[in-house]
Amino acid sequence: MAEVIVVTSGKGGVGKTTTTANIGAALAADGKSVVLIDADIGLRNLDVVMGLENRIVYDLVQVVEGICRPKQALIRDKRYDNLNLLAAAQTKDKNAVSPEQMVKLVGSLADDYDYIIIDCPAGIEQGFQNAIAAAHRAIVVATPEVSSVRDADRIVGLLEAANIKDIRLVLNRIRPDLTRRGEMLTLEDVTDVLAISVLGVVPDDETIVMTTNRGEVAVAESGSKAGAAFRNIAQRIVNENVPMLQIDLEEGFFKRMKKKFSKKG
Amino acid sequence: MGLFGFRKQKSGAIAKDRLQLVLFQDRMNTSPEMLEMLKSDIIKVIASYIDIDEDELDISIGGNTDTGEEGPALMANIPIKGWKRR
């Protein structure tokens, strides 16, 4: 039976889709069979982030309407054979699917895969209700900003009300330089106010922009710090006992200078 | 102070204070108006026992740093002029 995880945030633009793609790819690289479902009907993005936008034949709404079977609509990833995407419909709206239909769809795939990860749309309306309907656990993505954490708090309340008990935080786009100077909310600040456990932290990393530009994932880049963070998060999804990757807050100007001087000396 | 002047508090700490306050209001389903009503009710109750300096009093919600407990605390600083005889 697949474990069904919804990736959500409330606020838009905090990295839900990037998180979904990277965790999915990392799980697939680890040998797990994975289906990613883009639940953002009308504003689909996961296909573009994964570089699969030219391969879509069927979408989520067509599956739900019975035009094709769920497996016919799955698009295999370019890099990882055991990673599959079910794209959202671009021309329909969020009311084209009901929570009951999502539960049925996920149920029909659950026997054949290890993980089903659902990319939730921003907001708390119908699309959110659809995305969480079939989920066993939730990953709440937030960035270290007041607005994002506030929305995350609201989402946690709604997930708890929907009886999803395993809710974990991914704090995305941490800037170690700003954190070190006290000019950014820290992980501790966020966990002080959000009473949920932390799945992982992801540094703000330009390799995310570069890989996404190419339609690839950062976890496939060995040198990407964000990629390493997402690989760690995937490991922690599989095994809770894997320690969390710490972001090095010392890696600043002075440390770099120190390294330079010690090399010369 | 301006962006390039001296500041007492780093923006990260300011963000945390604002976050705590906004979450408190969200969770209590209250608005700033309700906080004002709460303040005026507290003043009313205390003022019936104690002669307080209403101009100098300060009631706010902030981090509960003194007790070390988690979550925000309602903090009141109420200067007393004297006890009322009952």
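**Figure 1. Helix 1 of chain B in the predicted model.** Helix 1 of chain B covers residues 11–27, and its 17 residues reach 24 Å from the first C-alpha to the last, close to the 24 Å expected at 1.5 Å a residue. The model shown here and in the other views is predicted. Ala15(B), Lys16(B), Leu19(B), Gln20(B) and Leu23(B) are the buried residues of helix 1 of chain B. Seen down the helix axis, these buried residues fall within an arc of 135°, so they line one face of helix 1 of chain B.

**Figure 2. Chain B as a whole.** Two helices and four strands make up the secondary structure of chain B. Along the sequence, the pattern of chain B reads α-α-β-β-β-β. Chain B has 86 residues, of which 7% count as buried. Among the contacts in chain B with a separation of 6 or more, 51% are between residues 24 or more positions apart.

**Figure 3. The side of chain A that touches chain B.** Here 13 residues of chain A are in contact with 13 residues of chain B. On the chain A side, the elements that give two or more residues are helix 7 (146–161) and helix 9 (187–193). Helix 7 of chain A provides the largest share of this side, five residues. Sorted by class, the side of chain A that touches chain B has six charged, five nonpolar and two polar residues.

**Figure 4. The open sheet of chain A.** Eight strands of chain A form an open sheet with mixed pairing, in the order 3-4-2-5-1-6-7-8. Strand 3 (75–76) and strand 8 (197–203) of chain A are the edge strands, each pairing on one side only. Strand 7 and strand 8 of chain A run parallel and are joined by five bridges. In strand 8 of chain A, Ser197(A) is the residue opposite Arg168(A). Strands of a sheet pair through backbone hydrogen bonds, in either a parallel or an antiparallel arrangement.

**Figure 5. Strand 6 of chain A and its partners.** Strand 6 of chain A spans residues 137–142 and is mostly covered, with five of its six residues buried. Strand 1 (residues 3–8) of chain A runs parallel to strand 6 of chain A, and four bridges join the two. Val7(A) stands opposite Ile139(A) of strand 6 of chain A. Strand 7 (residues 166–174) of chain A also runs parallel to strand 6 of chain A, with six bridges between them. Ala138(A) faces this partner, standing opposite Ile167(A) in strand 7 of chain A. Together, strand 6, helix 7 and strand 7 of chain A make a right-handed β-α-β unit.

**Figure 6. Leu158(A) in helix 7 of chain A.** Leu158(A) is part of helix 7 of chain A, the helix that gives five residues to the side touching chain B. Leu158(A) counts as partly exposed because 16 C-beta neighbours lie inside 10 Å, whereas 20 or more would make a residue buried. Between Leu158(A) and Gln129(A) there are 9.5 Å in space, C-alpha to C-alpha, and 29 residues in sequence.

**Figure 7. Asn213(A) in helix 10 of chain A.** Helix 10 of chain A, residues 206–214, contains Asn213(A). Asn213(A) counts as exposed because it has 9 C-beta neighbours inside 10 Å, and the cut-off for an exposed residue is 12 or fewer. The C-alpha atoms of Asn213(A) and Ala28(A) are separated by 21 Å, with the two positions 185 residues apart along the chain.

Notes:
Residues are numbered from 1 along each chain as its sequence is written. Chains are lettered from A and ligands numbered from 1 in the order in which they are written. This is a predicted model: local features need pLDDT of at least 70, side-chain atom pairs count only at pLDDT 80 or more; totals for chains, interfaces and linings use all residues. Two residues are in contact if their C-beta atoms, placed from the backbone, lie within 7 Å. Ala, Val, Leu, Ile, Met, Phe, Trp, Tyr, Cys and Pro count as nonpolar, Asp, Glu, Lys and Arg as charged, and the others, Gly among them, as polar. Two strands pair if DSSP finds at least two bridges between them. A crossover is right-handed if, with the strands pointing away from the viewer, the path from the first strand over the helix to the second runs clockwise. The expected span of a helix is 1.5 Å times one less than its number of residues. The arc is that of the directions from the helix axis to the C-beta atoms.
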